[in-house]
Amino acid sequence: MIGGGFVCPSCRTPLGIDLGFIIENPVCQCPSCEAIMSFEYNEKIAKEYRKTLKEIENIKSSFSV
Ligand SMILES: [Zn+2]
């Protein structure tokens with residue numbers, strides 16, 4: 001489930017992470033119960049995210065010239 005914030009599937013602790021964090025850290029650990037979570041199945045979303053980041057950077061560089 002994506003959109004309502006990420007919680008630990010084992011202890012339900014809100015992880016306080018967003019999509020950008022998951023893209024950069026596809027495997028993270030719950031601070032509460034130390035369960036390891038893998039978000040590698042989000043590859044499609046990761047691609048979209050990186051594409052958007054690139055577009056933002058392109059816009060930024062065209063403004064800074
Ligand atoms: Zn947990």
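**Exercise 1. Threonine 13**

In which segment is the place of threonine 13? Then determine whether threonine 13 is buried or exposed, or in between, and list its contacts beyond the sequence neighbourhood.

Solution. The model is a predicted one.
- Step 1: Threonine 13 is in the segment before helix H1, which covers 19-24.
- Step 2: Within 10 Å there are 14 other C-beta atoms. A residue is buried at 20 or more and exposed at 12 or fewer, so threonine 13 is partly exposed.
- Step 3: With neighbours within four places in sequence left aside, threonine 13 is in contact with Val7, Cys8, Cys30 and Ser32.
- Step 4: For a C-alpha distance, take proline 31: 18 residues away in sequence, it is 8.5 Å from threonine 13 in space.

**Exercise 2. Valine 7**

Find the segment that holds valine 7, classify its exposure and state its contacts.

Solution.
- Step 1: Valine 7, too, lies in the segment before H1.
- Step 2: The count of other C-beta atoms within 10 Å is 14, so valine 7 is partly exposed.
- Step 3: Outside the four nearest places in sequence, the contacts of valine 7 are Arg12, Thr13, Pro14 and Leu15.
- Step 4: From valine 7 to isoleucine 17, the C-alpha to C-alpha distance is 8.9 Å, with their positions 10 residues apart in sequence.

**Exercise 3. Positive phi**

Examine the phi angles of arginine 12 and glutamate 34, and place both residues in the chain.

Solution.
- Step 1: Most residues other than glycine have a negative phi.
- Step 2: Arginine 12 has a positive phi, near 70 degrees, and is not a glycine. Its place is in the segment before H1.
- Step 3: Arginine 12 counts as exposed because it has 10 C-beta neighbours inside 10 Å.
- Step 4: Glutamate 34, also not a glycine, has a positive phi near 65 degrees. Glutamate 34 is in the loop between strand S1 (27-29) and strand S2 (36-38).
- Step 5: Glutamate 34 has 10 other C-beta atoms within 10 Å and is therefore exposed.

**Exercise 4. Helix H2 and tyrosine 49**

Compare the expected span of H2 with its end-to-end distance, then describe the surroundings of tyrosine 49.

Solution.
- Step 1: H2 takes in residues 43-64, which is 22 residues. The expected span is 1.5 Å times one less than that number of residues, so H2 should span 32 Å.
- Step 2: The end C-alpha atoms of H2 are 31 Å apart, which agrees with the expected value.
- Step 3: H2 is hardly covered, with zero buried residues among its 22.
- Step 4: Tyrosine 49 lies in H2 and is partly exposed, because 16 other C-beta atoms lie within 10 Å.
- Step 5: Beyond four places in sequence, tyrosine 49 is in contact with Leu19, Gly20 and Ile23. Its C-alpha atom is 8.1 Å from that of isoleucine 23, 26 residues apart along the chain.

**Exercise 5. The whole chain**

What is the order of elements from the N terminus, and how many of the residues, in percent, count as buried?

Solution.
- Step 1: The protein has two helices and two strands, in the order α-β-β-α.
- Step 2: Of its 65 residues, 3% count as buried.
- Step 3: Of the contacts between residues at least 6 apart in sequence, 24% join residues at least 24 apart.
- Step 4: The mean pLDDT is 81, and 88% of the residues score at least 70. Confidence is lowest in H1, with a mean of 78, and highest in S1, at 86.

Methods. Residues numbered from 1 in each chain as written. Predicted model: local features only at pLDDT ≥ 70, side-chain atom pairs only at ≥ 80, totals over all residues. Helix = DSSP H or I, 4+ residues; strand = E, 2+ residues; numbered from the N terminus. Contact = placed C-beta atoms within 7 Å. pLDDT = per-residue confidence, 0-100.
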